[in-house]
Amino acid sequence: MFKKKLLSTFKKVFFIGFSAFLFGTGASLFAPQSFASPGFFEYQWDPEPGYKRLKYYQSSSERNERSTYYFFLRGKERKEDIEKLTIAVPDYFKAKIKTKKLSLCKVKIGGYTERTRCLENTPSLIEVNKKQTIIEIFPEKPIPYNKDNYAVVMKIFNPRKRGMFQFRALSQSGGDIPISTYLGTWNIDVQ
């Protein structure tokens, strides 16, 4: 009798546990995915010395979708006038970057109540190399060292593959010897 009762209890516990397992895994398949804003939380295991994270805005982080990127150059991040801006694009960022879809402008950085928008366009010569790993921007007038915010605006279709892409910014100021200075890195996430 004791064995029958023990076996019956074991069957009930097993059935309840197995049912809870199936319900839990099935519910996770049909539950809506949560969305996190880009740049909300970032952690690097071993950050390189001198690493500086720059702010950006990305209108869409979904693969193959049309997206507008705003690479911000805030006033406090610039240490001198910028006569040439170089953006190093990772070689595994497989998206077609066209010069006619790139621009430089003075920008109003948005937030929860306002949208990010360009205030005034800065005329500049923009070049992209054949491998699409370097974007060089030569503004007609140097980007001044002041509190105004500027942005490089890039309109593209996101790459097919998901991942995190590090775009590095280097600047050159006027002088006898042109020396590139590291401004920081934009960490773009495509899901």
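1. Start with the charge on the surface: R66, K96, K98, K100, K101 and K155 form a positive patch. Lys and Arg are what count as positive here, Asp and Glu as negative, with His and the chain ends not counted. To join a patch, a residue needs over 30% relative accessible area and no salt bridge, and like charges are joined within 9 Å. The place of a charge is NZ for Lys and CZ for Arg, and a salt bridge is a side-chain nitrogen of Lys or Arg within 4 Å of a carboxyl oxygen of Asp or Glu.

2. Before reading on, keep in mind that this is a predicted model, where local features need pLDDT of at least 70, side-chain atom pairs count only at pLDDT 80 or more, and totals for chains, interfaces and linings use all residues. Numbering runs from 1 along each chain as its sequence is written, and side-chain values use heavy atoms, with hydrogens and water left out.

3. One of the patch members is K98, which sits in the loop between β3 (84-88) and β4 (102-108). K98 counts as partly exposed because its relative accessibility is 40% (buried is under 20% relative accessible area, exposed over 50%, partly exposed in between, with a 1.4 Å probe and protein chains only).

4. As for the overall layout, the protein chain has one helix and ten strands, and from the N terminus the helix comes ahead of the strands. Helices are DSSP runs of H or I with at least four residues, strands runs of E with at least two. Of the 191 residues in the chain, 30% are buried.

5. Follow β4 inward and you meet L104, which is buried because its relative accessibility is 1%. L104 is 39 residues from I143 in sequence, yet their C-alpha atoms are 9.9 Å apart in space.

6. After β4, have a look at T116, in the loop that leads to β5 (117-121). T116 has a relative accessible area of 16%, so it is buried. A polar atom of the T116 side chain lies 3.1 Å from the backbone nitrogen of G110.

7. Two backbone oddities are worth a check. Most residues other than glycine have a negative phi. N64, however, has a positive phi of about 60°, and so does Q132, also at about 60°. N64 is in the loop between β1 (56-58) and β2 (66-73), and Q132 is in the one between β6 (124-128) and β7 (134-139). N64 is partly exposed because its relative accessible area is 46%, while Q132, at 15%, counts as buried.

Conventions. Patch = residues over 30% accessible without salt bridge, like charges linked within 9 Å, V, L, I, M, F, W, Y side chains within 5 Å. Areas by Shrake-Rupley, 256 points an atom, 1.4 Å probe, with all protein chains shown as cover. Polar contact = N/O pair within 3.5 Å; in protein donor to acceptor, adjacent residues only side chain to side chain.
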